[in-house]
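This report looks at selected local features of one model, taking backbone geometry, a sheet and a helix pair in turn.

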Amino acid sequence: EKLPSQQQVVLLASPGAGHLIPMVELAQRLAADHGFAVTLVTIPGMSNPATEAVVLSSLPSYVLTAVLPAVPLDDLPSDIGFGALVFEFVRRSLPNLRALMEDASRGSVTALVCDFFGTSALPLAAELGVQGYVFLPNSFAMISIMRHLAGLHGDAAAPGEYRYLPDLLPLPAGGLVLHHADLPEGFQDRKDPVYAYHVEEARRYGRANGFLVNSFEELEVVMVETFKRDAEDGAFPPVYPVGPFVRSSSSEEADESGCLEWLDRQPENSVVYLSFGTGGSLSVEQTAELAAGLEMSGHRFLWVVRMPSLDGNPCAYGSMPGDKDDPLAWLPEGFLERTSGRGLAVVAWAPQVRVLSHSATACFVSHCGWNSTLESVAAGVPMVAWPLYAEQKMNAAILTEVTGVALRPAARGNGHGLVTREEIAASVKELMEGEKGSAVRGRTRELREASKRAWSSEGSSRRALGEVAGKLKAALVNGNGSAP
Ligand code: UDP
């Protein structure tokens with residue numbers, strides 16, 4: 001069904017399923033609940049097209065999609081790093097985005113919503129006289145870090161003058177102080193090429209019309225309050241918690257691995273689910289240690305196994321599994337036989353939302369990607385935090401120290417970065433059986449209810465998105481699209 005709508009909102013998703021999945025949900029809400037004509041724009045060439053196709057296939061027909069032409073990146077230095085590459089990718093796509101937004105046949109555009117990697121599009125929005133919003137697929141904490149960065153540098157500092165964020169960075173998150181090692185990647189080393197991108201993008205934040213965050217009030221209570229006050233004082237644009245955007249389990253793909261059938265045969269609340277997201281990859285040694293830890297824990301498990309990382313890089317976004325790759329061949333000799341009946345290892349992908357909402361699933365050993373986090377919270381499944389890269393260590397710190405929905409193995413500082421089998425077994429057992437685990441399980445149940453309330457009829461996230469929709473409509477009437 002096509003909604004009778006004239007006001008266009010263009011959503012620009014940066015490459016990666018983790019960015020696209022919540023954007024798809026936002027697109028649907030804006031179209032179905034608020035009557036906007038929504039176009040979801042993607043840029044091919046940096047992400048797995050098959051995964052993106054699966055994600056986009058859940059869109060109703062009244063949300064339009066558009067694909068910008070691919071842009072070349074082969075002139076960039078090979079060591080520029082994934083984050084800088086994505087920022088650069090979006091920057092180079094701006095002329096194509098401009099052409100799309102100026103295409104009169106599409107009708108006039110009211111707002112552009114970009115994501116964390118797309119803030120270079122904000123000046124374009126301002127120039128075209130449309131509202132510029134940023135949708136953050138991660139937590140409020142991410143904006144907080146960006147504000148720190150902008151504050152540290154002012155407008156004048158050039159790359160050679162960049163400074164380090166403090167070793168202990170206080171976040172307005174209920175007393176959380178972030179250790180340097182837990183800062184998101186790309187914020188730790190001022191000489192990292194992506195640092196300059198972060199500084200430049202952070203300087204634009206104050207000029208956005210507003211931010212939408214895939215989070216909800218009760219998940220980040222103190223953060224939400226702090227940003228609310230800052231918006232009232234005019235110190236920073238308004239930041240709206242509009243999540244959690246979690247795919248409905250019915251919109252998930254078929255279960256090719258057969259893991260749901262397997263779960264059906266397991267006792268209630270008995271299975272440890274393990275997955276490290278769309279890019280997470282463990283070393284060969286760590287894979288073996290994890291297998292041994294699972295054996296030692298004695299618990300049932302469902303493990304999504306990906307190809308191990310041979311170069312030590314825990315992020316394997318770009319690398320597609322080859323036809324001949326068999327991740328299970330990297331598991332320790334005899335492991336699958338010894339655990340047969342109580343453990344299942346599936347290759348590369350599981351229908352995660354359905355796994356998490358299955359009654360047999362008891363806990364989630366997770367890389368703490370923000371989508372996985374929200375999915376786990378929404379399903380009331382407590383986590384063992386096993387962060388690998390990007391902003392996952394910060395998420396893990398929030399989840400363990402502030403939110404209380406995860407336990408983190410003590411190993412993180414052992415110098416070699418290896419989580420031992422003993423720690424793995426102990427964390428799983430604690431979460432499943434222990435007293436600390438019990439507190440985490442209780443807190444997770446509370447937050448599951450809170451996450452449901454956020455999108456109930458008078459829920460905080462529903463109201464917040466309604467407020468934004470109202471502002472967009474008013475801006476069109478008043479004819480002042482761009483930020484002051
Ligand atoms: N996902 C899935 N099956 C898998 C691995 C991942 O369905 O085997 C989904 C997961 O449910 C989540 C997304 O992929 O929605 C991963 O996003 P997240 O932010 O957790 O991590 P990222 O992949 O961006 O690191």
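## Basis and a cis peptide bond

In which loop is P244 found? P244 is found in the loop between strand 9 (239-241) and helix 8 (259-264), and the peptide bond leading to P244 from G243 is cis, with omega near 0 degrees. Helices (H or I, at least four residues) and strands (E, at least two) are DSSP runs, numbered from the N terminus.

The model is predicted, so that local features need pLDDT of at least 70 and side-chain atom pairs count only at pLDDT 80 or more, while totals for chains, interfaces and linings use all residues. Residues are numbered from 1 along each chain as its sequence is written.

## Positive phi values

N269, in the loop between helix 8 and strand 10, is not a glycine, yet its phi is positive, near 55 degrees. A390, in the loop between strand 14 (383-385) and helix 13 (392-403), is likewise not a glycine and has a positive phi of about 50 degrees.

A390 is buried, with 26 other C-beta atoms within 10 Å, whereas N269 has 13 C-beta neighbours inside 10 Å and counts as partly exposed. Here buried requires 20 or more other C-beta atoms within 10 Å of the residue's own, exposed 12 or fewer, and partly exposed lies in between, with C-beta atoms placed from the backbone.

## The sheet

Six strands form an open sheet in the order 12-11-10-13-14-15, with parallel pairing, where pairing requires at least two DSSP bridges between two strands. Its edge strands, each pairing on one side only, are strand 12 (343-347) and strand 15 (406-407).
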